[in-house]
Every structure is written in C-alpha cells, then in structure tokens.
Amino acid sequence: MSKQYETVIGLEVHVELATKTKIFCGCSTEFGGAPNTHTCPVCTGQPGSLPVLNKQVVEYAMAIGVATNCDITPICKFDRKNYFYPDNPQNYQISQLYLPIAHDGYVEIEINGKKKKVRIHEMHMEEDAGKLIHDEWTNSSLVDYNRSGVPLVEIVSEPDMRNADEVMAYLEKLRLIIQYLGASDAKLHEGSMRADVNLSVREVGTEEFGTRTEMKNLNSFKAIARAIEGETKRQIELIEDGRKVVQETRRWDDNKESSHAMRSKEDAKDYRYFPEPDLVPISISKEWISEIKEKQPELREEKLARYKEEFEIPKYDAEILTGSKHLADIFEETTKLSGKPKKVSNWLMVEGLRLVKENNMEMEDIHFKPASLAIIIDLVDKGEINNQVAKEVFELVFKEDIDPEKYIEEKGLKSVNDTDELKKVVEEIIANNPKSVEDYHNGKEKAIGFLVGQTMKAMKGKANPGIVNKLLKELL
Ligand SMILES: [Zn+2]
C-alpha cells in the first residue's frame, strides 16, 4: 500500500498599513507617484539621516494584534536585519526580531461548518523595500524608492493549516479583520497584502515536520491554491523517489504552474540581526491597549449578527454585503437614507452584483452616491418610475454616478399614471388584438401578460404597469 501524506502549511502575511506617511519619515505613502518623488534622506538611506517612528504604525499594529487575540508586548523594540539588495538603500531593513509588538494570538476559521483555530506565532512591524523595475528595452534595471519605508506588519502563523481551503479561509479572515479596522485595504492583487507560503509534507501519523520550502510571489487566492497543490505534489514525488526536500525559497510561476528555486532559505543568523541603535524601545502601557480596544470598530462577525437582527435580510445576502467593508458601508448609508433595508439589499445583491461581475470589478471599485439609490427606490415606491426605468437609471448611476432625478426629468422617463390617458391606449390595444382577448376569455390567464406588454410598448415603457393591469381586467 502506498504511503499517505499530510501537508503542513504556515503563512507569513505582509500587510501594507494605511498610514498617510512612511514608518520613519514624513514622505507620502501614496501609490503611483512618479518614480523617486516620495523620497527623502531617511527612506533613501543617506548617511547621517535618522529615523523617527510614526505613532500611527504602532496603533494599527496594536489594533490588528488585539483583533487577532494576540498578547501585546509591553516593551517592544526594533532590530536591524542586514542584507544587501539594490532596493534596500541602507543595506539593512529596520524590522523586529527579539521583541515583536504582538505574539501568541489566533483567528478562528470555518470550513463546511467546522471551526478551527489557526494560531498566530507573532506579528512585527517593519519597513518595506523599494521596487526594482527590469527594463527589457534597455536591458537595464531601474530602482524606485517610493515604496521604501512604507510601513508593514508581518503576521506569522503557526504551521496549523493542512490544505488550500484552510489557507484561503485564514487569509480571507485576516483580510476582513484588517479592512474593517481600516488598518489597510489589504488587496492581494494590488500587493497591499502579500502571502509567503511555508509548506512541508509528512507521513500521516508522524509528529515530526518534514523539511519546508517557502514560496514567494503569490498575489491571488487562485495562485496560492495552485502553488500549494503543485508544491505538495513536488515534495511527495521527491520523498517517494528516495530524495530529499531542500530547505529553500522558491518562486511560484503561476503561468507555468510550477515553481523554481530562488535561493537556499536563510536563517535569522544569516542576517546578523542586532538591536536598532537609532530608535528607542516602545513602551506600551495597559491604558494605551485599553484605548485601542475601546476604539475597535464593529468587526465582520458583529456586523453579520446585527444585520440578521436589525434588518431581517437573508443570511446569504448579509454574508455577501459584509464580505466587503466598502459594500457594507454603501448598504448602511443607503438604508439610513431610505429606511428600506430589504429593498436596498435587493438592489445591491441583484443589480449591483450583476454590474460588478459584468464589468470585472472588485466590490471596492463601486463608487456611486448612496443617495442616488435611495432616490431610485423612493421613486419606484411612489409609482413615479417603473422597474424597467429604475434598472436603466441605476445602471447609469452605478457606471457614471449620474443624478437620477435630473436624468429622469430630462429623458421624460416618469411613469404615466393618468388613468384616462392610459385607458385610451388600453382600449386601442384590446381592439387591435382580438385573438389575445379571445384567449383571455377562454381562460388563458397568460394572454393578459401579452396585452400588458403591448400597452407598455405603445407607451414606450413609461406606463404604470399596476394601472395598466387593472384597466385591462376592467375593460376585458
Ligand atoms: Zn522619506
């Protein structure tokens, strides 16, 4: 019988924090500026420059630590991680090794109704490196230091995950916690959240871990799932062949669906860590921790429970709406204005999600004024526009953020509610469609649908369908 293997996975997740300025200087963290314009002597490693810690970085890191059930370290400090690389102008990175800001936490994940805790070993603050751009046209490499010094937290899990589903659930959980805290937008595909996967395999039933490899360069949930599958297979094949897994860092190439060795995996000792001499230790009082706890906003689970209670919307809808903090904000804002949670939820779940999908968008890319949707719902309820018109207007609100009232006015889209005017049209339709009228009298209820359709067509979609229905029944 062939041997049974188990995959053991731990994650190192880097999250770019949402501060306005960098971790040790006042340069902007804004993404997308011209190369090397968000720089100064500190973040380009000039001799004699000194770092000054951004307090907001500590507060965001504390907030993430508290929300993931970590202990906050009362006296934490920074260390230098020494290495040369062109994107690292100081030749060292200021990070934390000996006393990281938070440790020994966990998050709970749920898979097919089964709950599991994934433990967090530790969480530390550090600065990001610059970016190398390899220019194939000139066969040269360029460096942009705009990202150098952007604050990061690195969240290191215990090797508690056993398959790709658990990894996805863990990342999704972290993403939501961090987004809800406002500590980062935590977008995997834009690099504000990045995951390195440490993976080893062992025979089922053994206690000892196998030799692990680390995979970098994973920037989507799909790539992570494929990389886990590919690396598990590669390691099992090596072991089955009687060969050894080498401890190394590997780069996953999602296009080729295979990984290749980048370098042998370093240990902490390779970096010659030592305490950062230019920064004083950070003293974190109990009062400061309590303050952070008090400021903690409503997180996803609490919001989900409240939606169920307060709005009586289906569980599935509540899960989708709260699955993005941004979407939840739009829902709440629109509900506040219209007072009709179920209708708001329906519009977002049906038309909103359809448009997100059709336009290949993320929920975070939705940018219309909640007031516009509240107005559309109100106009439908008052019978001033019908559903067809409402959908057309909502699509324009969603795509171009138009003013719905102005648009309806300009295009003359208000429903015709004038019974006398509609009666004339209905009479005409009845006269012109004797076959359908006969069908209706012979018990074919569906025939009335056709007559409604014909009336709407004659009215260019602007008739109030309720009144048309009523008139048809009366006149038939
Ligand atoms: Zn700077």
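Okay, before we get going, one bit of vocabulary: when I say two strands pair, I mean that DSSP finds at least two bridges between them. Keep that in mind, and remember too that what you see here is a predicted model.

Let's start with a pair of strands. Strand S6 covers residues 102-111, strand S7 covers residues 114-127, and the two pair in the antiparallel sense over nine bridges. If you want a spot to look at, find histidine 103, which stands opposite glutamate 122 in S7. The two strands make a hairpin with two residues between them. In that turn sits asparagine 112, with a positive phi of about 45°.

Now, S7 has another neighbour. Seven bridges join S7 to strand S10, residues 151-157, and that pairing is antiparallel. Here the place to look is glutamate 127, which stands opposite proline 151 in S10. As a general reminder, strands of a sheet pair through backbone hydrogen bonds, either parallel or antiparallel.

Follow the chain on from S7 and you get to glycine 130, in the loop between S7 and strand S8, which is 131-135. So, is glycine 130 buried or exposed? Glycine 130 counts as buried, because it has 24 C-beta neighbours inside 10 Å, and the cut-off for buried is 20 or more. Leaving out residues up to four places away in sequence, glycine 130 touches Asp87, Val143, Asp144, Tyr145, Arg147 and Ser148. For a sense of distance, take asparagine 469: from glycine 130 that is 339 residues along the sequence and 66 Å in space, C-alpha to C-alpha.

There's also an open sheet of three strands, in the order S5-S4-S15, with antiparallel pairing. Which strands stand at the edges? Those are S5 (92-95) and S15 (274-275); each has a single partner strand, so one side of each is left without a neighbour in the sheet. Strand S4, residues 79-82, is joined to S15 by two bridges, and aspartate 79 stands opposite proline 275 in S15.

On to a helix. H1 runs over residues 55-67, and those 13 residues reach 19 Å from the first C-alpha to the last, close to the 18 Å expected at 1.5 Å a residue. How many residues of H1 are buried? Ten of the 13, so the helix is mostly covered by the usual cut-off. Among them are Val57, Val58, Tyr60 and Met62, and the buried list also includes Ile64, Gly65 and Val66. Just after H1 comes asparagine 69, with a positive phi of about 60°.

Let's zoom out. In total the chain has 15 helices and 16 strands. The domain assignment splits the chain into domain 1 (5-290), domain 2 (298-411) and domain 3 (419-475). Between the centres of domain 2 and domain 3, over C-alpha atoms, there are 32 Å. Four residues from domain 2 and four residues from domain 3 take part in the contact. On the domain 2 side, the touching residues are one nonpolar, three polar and no charged.

Last, the overall dimensions. The C-alpha trace spans about 90 × 65 × 55 Å along its principal axes. The radius of gyration is 30 Å, whereas a compact globule of 476 residues would be near 23 Å. Buried residues make up 34% of the chain. And of the contacts with a separation of 6 or more, 68% come from residues 24 or more positions apart.

Notes:
Residues numbered from 1 in each chain as written. Predicted model: local features only at pLDDT ≥ 70, side-chain atom pairs only at ≥ 80, totals over all residues. Domains from an automatic or database assignment. Contact = placed C-beta atoms within 7 Å. Nonpolar A, V, L, I, M, F, W, Y, C, P; charged D, E, K, R; others polar. Helix = DSSP H or I, 4+ residues; strand = E, 2+ residues; numbered from the N terminus. Expected span 1.5 Å × (residues − 1). Buried ≥ 20, exposed ≤ 12 C-beta atoms within 10 Å, placed from the backbone. Rg over C-alpha atoms; globule rule 2.2 N^0.38 Å.
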